[in-house]
Structure formats: C-alpha cells, structure tokens
Amino acid sequence: DWKLGTTEQTFNQKPIFSGQSSNSVFTLEDSAAVSLGLEDLEVSAGNAWEAIKQEVTLKVSDIPSATEGVIFYLDAESNEVSVSSGDAISLSNARALQFRPADNFSGTATFAIEATDSELNTSSLSQEIRLLTDAEVDSLEIRTLRDLDADGIVGVTVLDKLSDPYYNQD
C-alpha cells in the first residue's frame, strides 16, 4: 500500500509590532516626563498559527545616554522603575514607558525594544525622542486643513520655518 502524503511546511515570521502611535515623540527641552506613545502597543509572533504556538518576549535594546535622559515606567505602587539596555520587560510595562529628559538636553535621543519569539526570530521597534528648544518651537507653524470630503478627518501640517527653504507664510 502506498499513500500520497503531504508535507506541512511552515514559514516562521519575525514578531510583528503594531499599535504604536508614531515612531517619533516631540517635547520641550527641560520638560517633565513624556510618554513614549506606546499605550496601544501590540506584539505578535507572526501569523495566527505562530501566535498560538509561540511565546514572545520583550527586552530593552537601546536607551538614551544618561546625559540625554531616563526611560522609566511606574510600578503598581507608583514608584519609578528605570530601564537599562538588556532588561526584559512585560508588554504592559512597555506600554507605560516614559522619558524624562536630562536638564538642558536638546536634540534627539533614541529608544528601542526587541521582540523574540520561541524560534529566536527577532524584530526591533525604535522610538525617536526629539527635545525642542524654545527657538525651534517658535520656528514651527501648525496649519489645520479643512475637512475636504466631510469624513470627519482634518489634516494637520507642521511647517518648520527655519529649515524649510520653501516656507511660505501664505
């Protein structure tokens, strides 16, 4: 007896990040702590089969230098817990991450977390944190665009008057 058989082949995808509002966070120099915008962050092992069969772990893979600021979350007792590169972190704590800039720091800092599935596939999510000086804030002009097709969505354009050679005040 001979049976025609099938071979099941699977392709293991990298973990997938979704739900972050943006890959950039803007705040003012010398400001209080600011959220990293990860409140709706989701991470999955890949396709539906992988999500059922695999576990995903998260770790902090890059943090700003101490001269730039501190990344932290608040624990159940509202105590600040600073994170370091290489720290394992739960999804709920990743969603609560905040950045407190160091005094007088302006510029760009970066933060990244890495997801690893049971098959050791990895993906990384980076957040850019830009601290603006008062002069930079003064150079920004925010324009609201009309709701052109009456769908409730209004466009917003941010123009940088200092660095945009095509800036037109009209």
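Which residues does S123 touch, not counting residues up to four places away in sequence? That was my opening question for this predicted model.

**Entry 1: S123**

I looked up the contacts and got K14, P15, F17, I113, E114 and A115 for S123. I placed S123 in strand 10. Buried or exposed, I wondered about S123? Its relative accessible area is 14%, and the cut-off for buried is under 20%, so S123 is buried. I then checked the polar side of the P15 contact. The backbone oxygen of P15 sits 2.6 Å from a polar atom of the S123 side chain.

**Entry 2: the chain as a whole**

I stepped back to get the overall numbers. The chain has 170 residues, and 27% of them count as buried. I find three helices and 12 strands. The accessible surface comes to about 11000 Å², with 49% of that belonging to carbon and sulfur atoms. I also looked at how far apart in sequence the contacts reach. Of the contacts with a separation of 6 or more, 65% are between residues 24 or more positions apart.

**Entry 3: confidence**

How does the pLDDT look for this chain, and what is the average? I get an average of 76, and 66% of the residues score at least 70. By element, strand 7 has the highest mean pLDDT, at 94, and strand 12 (residues 156-160) the lowest, at 50. A reminder to myself: where pLDDT is low, the predicted coordinates should not be read in detail.

**Entry 4: the core**

I went for the largest nonpolar core next, and it has 25 residues. L97 and F111 have the most contacts inside this core. Two or more residues come from each of strand 5 (56-62), strand 6 (69-74), strand 9 (107-117) and strand 10 (122-132). Which strand gives the most to this core? I find that strand 9 does, with four residues.

I followed F111 a bit further. Leaving out residues up to four places away in sequence, F111 touches L36, L38, V60, D62, I63, I71, L97, L125, S126, Q127 and I129. L97 is on that contact list, and L97 is also the residue named with F111 for the most contacts inside the core.

**Entry 5: strands 9 and 10**

How many bridges join strand 9 to strand 10? I count 10, and the two strands run antiparallel. As one register check, I noted A109 opposite I129 in strand 10. The two strands form a hairpin with four residues between them. In that turn, L120 has a positive phi of about 70°.

**Entry 6: strand 2 against strand 10**

Strand 10 has another pairing, with strand 2 (residues 24-28), through five bridges. Parallel or antiparallel, I asked for strand 2 and strand 10? They run parallel. For the register, S24 stands opposite E128 in strand 10.

F26 is in strand 2 too. I got 49% relative accessibility for F26, so F26 counts as partly exposed. With residues up to four places away in sequence left out, F26 touches R130 and L132. I also took a C-alpha to C-alpha distance for F26 and I129: 6.0 Å in space, with their positions 103 residues apart in sequence.

**Entry 7: the open sheet**

I then turned to the sheet built from four strands. It is open, its order is 3-8-6-7, and the pairing is antiparallel. Why do strand 3 (34-35) and strand 7 (80-82) each have one side without a neighbour in the sheet? Both stand at the edges with a single partner strand, so one side of each is left without a neighbour.

Inside the sheet, I checked strand 6 against strand 8 (residues 98-101), and four bridges join this antiparallel pair. V70 stands opposite R100 in strand 8.

**Entry 8: positive phi in two loops**

Last, I looked at loop residues with positive phi. S78 is in the loop between strand 6 and strand 7. Its phi is near 65°, a positive value in a residue other than glycine. S78 has 54% relative accessibility, so S78 counts as exposed.

Where does N104 lie? I found N104 in the loop between strand 8 and strand 9. Phi of N104 is near 65°, again positive in a residue other than glycine. N104 has 59% relative accessibility, so N104 counts as exposed.

Methods
Residues are numbered from 1 along each chain as its sequence is written. This is a predicted model: local features need pLDDT of at least 70, side-chain atom pairs count only at pLDDT 80 or more; totals for chains, interfaces and linings use all residues. Side-chain values use heavy atoms; hydrogens and water are left out. A nonpolar core is a set of buried Ala, Val, Leu, Ile, Met, Phe, Trp, Tyr and Cys residues joined through side-chain atoms within 4.5 Å. Buried means under 20% relative accessible area, exposed over 50%, partly exposed in between (1.4 Å probe, protein chains only). Contact means heavy atoms within 4.5 Å. Two strands pair if DSSP finds at least two bridges between them. A polar contact is a pair of N or O atoms within 3.5 Å; within protein, one must be able to donate a hydrogen and the other to accept it, and residues adjacent in sequence count only if both atoms are side-chain atoms. Accessible areas come from the Shrake-Rupley method with a 1.4 Å probe; for residues, only the protein chains shown count as cover. pLDDT is the predictor's confidence in each residue, from 0 to 100.
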